[in-house]
Amino acid sequence: MSTFGANPFSHLEESFTQDGNVYKYFDLPKIDNKYDALPFSIRILLESAVRNCDNFHVLESDVKSILNWTPALKQGDSDVEVSFKPARVILQDFTGVPAVVDFAAMRDAVLDLGGNPEKINPICPADLVVDHSVQVDFARTTDALAKNQSLEFERNKERFTFLKWGAQAFNNMLIVPPGSGIVHQVNLEYLARVVFETDATDGTKILYPDSVVNMCPEYGATVGYFPIDENTLSYMRQTNRSEKKIHIIREYLKATRQLRDYALQDQDPTYTESVTLDLSTVVTSVSGPKRPHDRVSVSSMFEDFKACLTSPVGFKGFAVPPDALSASGEFQWEDGKSYKLRHGSVVIAAITSCTNTSNPSVMLGAGLLAKNAVEKGLSILPYIKTSLSPGSGVVTYYLKESGVIPYLEQLGFDIVGYGCMTCIGNSGPLEENVVNAIEKNGLVCCGVLSGNRNFEGRIHPNTRANYLASPLLVIAYAIAGRVDIDFETQPLGVDGIGKSVFLRDIWPTRSQIQEVERKHVIPAMFQEVYSKIKLGSEDWQTLEVSDGKLYPWSAASTYIKRPPFFEGMTRQLPKLGSIEGARCLLFLGDSVTTDHISPAGSIARNSPAARYLAERHLTPRDFNSYGSRRGNDAVMARGTFANIRLVNKLASKTGPRTVHMPSQQDMDIFDAAERYRQEGTPLLLIVGKDYGSGSSRDWAAKGPFLLGIKAVIAESYERIHRSNLVGMGVIPLQFLPGQSADSLHLTGREMFNITLPKRDDLRPGQRIQVNADGNVFETTLRFDTEVDITYYKNGGILNYMIRKMLD
């Protein structure tokens, strides 16, 4: 039998021997002469389909569809969808905790149904980095790191204990403890395999490309991939990967023609479109004020922000009335001095661990800029909450070795923790006088951070405008104290003799940065840091956990709760039927992100989630964040759609409110959903284009399911979110081309009947009829594959997997 099992492509199996080990792989170039013309990203999809072909999850037709890709196929030309199985799953603790909760609950369900609970484990390797728990409670002080980490453990001890239990209870799972860094950077420096290597049952080893589910759907891509070249291998060497490993990777990539050599023109694949970038046209930019894909060149920032102030409320507008444009607020700081805020004032400046900071050059560049600024006598206003959260211990290592840490600290960029922190809304509190000045005067104040997302309400409730910037520009805007500045014509400040200092005067040169990087970013640093990465801090090491394979749930816990997904589950498939008498819980527009659906930030004191926690005798200081409580479905159901910037057309104002139709009462969204549940009324959502973009995906499908959402009717979906809805048993329907809620004159106040075929008559892409108070229209059923239909028939993917474990 083939090493790869009953696979129709097992004849492509090849091998080579290295140091006594036999390495097997699929020799993809032999599959067809079309292979060499395929883009490298398509080759990754093809390899996964070939290796995982079982004619259920992955069909032979999937392989053929990928192989038949041609440059003529553009987005929208073909609706072919293929399965993709990544080599591994990478998680942070916000998404990791609920995943482990699901695994624990699935073990209970399998046991209840007479099966073996220990069969429930991650199918593919799962790497979980705890990086979303630490908050910037303390900043601008040398002991900020120790204080923030102490609070992190105090708040999250129960979650950490649960994760540590999961690390020993489940196979195929690695937990990187808190205080180690962020998932992206730890992945680059340590976890990433480039080429995966697993043990086969016959003692050989199987090689295949490393791949993970990444963030590319956020920028509209199916896959994001940079072909592996010699520079990649050099980076592996710099980060202390072994020469043996690098040699095996090179041999495999050469054999499968996946090692990119840009000097060889005959290696160039054919593409649908080739884009040429003139590097001389690239300018320094930021993005914002409300979305990561709204680029603003730094040279036009002054005018752009002014325009945003007066533009209508939207992604680029705040609708500040003309008579309020000059509004300001004065407050007293703890140094006894008075300061003034106005529109555009920076109140948060965070060099935060993120994809934006994984290159040593940008972090060292920020350190050199800080050094130059201090030497010119520049400083940052004391009320601006500045912080530095390195992506890994290695970053701190080379910042210290290069001598720039003292200058960063002098400007207020003390190290505050090793985690995502400000980027995910863990920015901590602003001083009360600052908040009062902002709120009383209706000011549009700003956060500037080297993060990767700045959706409304994400960074901090009091920073209505947030800009993503390089670490160097974070420091620059912090020194300026405002975002409405033209760095070319306006100085950052004055030096000791009263001479104007411009940004160009302190900006380090590329050669200066490269010289410092060559000298101070060395393999020994990575070896030292990552040799003890699994140990964690003393607090982590002393956590005592159960050694059982079933989790001992506690009814008193407000962090970890057994979810209700499998209550009443039987071995038999559930009954299915049409949806009758449904109401619209929310009527939403375009670009509703997962941040709108499942917030990760602070829990508002007047929210349903706050009331739930208060009933369990918690005070507001102990509420923590939605993200930290993602292991508790009761909190997360109450937090679903709790974003303060949510625009629901059924509600009278922005925020997490809706109207309970029979009574016409304005209510919190959860309270309305609960009332509908008590009345036996099924619910649906009506939404616009690109529903579900973003990365906070775990509860973006679970939360609506728990609210009683049976179906969503959208103009279009983000790919992964659509499949996640299916995975929870929620029906994704799509308006026909050219149609929308507006064109069909829907108000969201109708009663809806959705006619579904019988179980055995369900087919991918069927037309489904919807009756909204006599307004009858057709939609497309976005079950795109037979696998989708199988999951729906089971009540969701988790229920399907449980029944599969009982076979």
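Contact here means heavy atoms within 4.5 Å. The model shown in these views is predicted.

**View A. Surroundings of Asn462, a residue in the loop between strands S14 and S15.** Strand S14 covers 446-449 and strand S15 covers 465-468, with Asn462 in the loop that separates them. Leaving aside residues up to four places away in sequence, Asn462 touches Leu430, Val435, Ile438, Glu439 and Cys445. With Glu439 there is also a polar contact, side chain to side chain, at 3.2 Å. Asn462 counts as buried because its relative accessibility is 10%, and buried means under 20%.

**View B. Gln665 and its contact with Arg675.** Gln665 belongs to strand S20, which spans residues 665-668. The side chains of Gln665 and Arg675 make a polar contact at 2.9 Å. Apart from residues up to four places away in sequence, Gln665 touches Thr658, Val659, His660 and Arg675. Its relative accessible area is 38%, so Gln665 is partly exposed.

**View C. The closed barrel of seven strands.** The strand order is S18-S21-S22-S23-S26-S25-S24, and the pairing is mixed. From one strand to the next, the twist averages 40°.

**View D. Pairing of strands S25 and S26.** Strand S25 is made up of residues 767-772 and strand S26 of residues 775-781. The two strands run antiparallel and are joined over six bridges. Within this pair, Ile768 stands opposite Thr779 of S26. In the barrel order, S26 is followed by S25 and then by S24.

Methods: Residues are numbered from 1 along each chain as its sequence is written. This is a predicted model: local features need pLDDT of at least 70, side-chain atom pairs count only at pLDDT 80 or more; totals for chains, interfaces and linings use all residues. Side-chain values use heavy atoms; hydrogens and water are left out. Two strands pair if DSSP finds at least two bridges between them. Helices (H or I, at least four residues) and strands (E, at least two) are DSSP runs, numbered from the N terminus. Axes are lines fitted to C-alpha atoms, for helices over the stretch in contact, and angles run from 0 to 180 degrees between N-to-C directions. Buried means under 20% relative accessible area, exposed over 50%, partly exposed in between (1.4 Å probe, protein chains only). A polar contact is a pair of N or O atoms within 3.5 Å; within protein, one must be able to donate a hydrogen and the other to accept it, and residues adjacent in sequence count only if both atoms are side-chain atoms.
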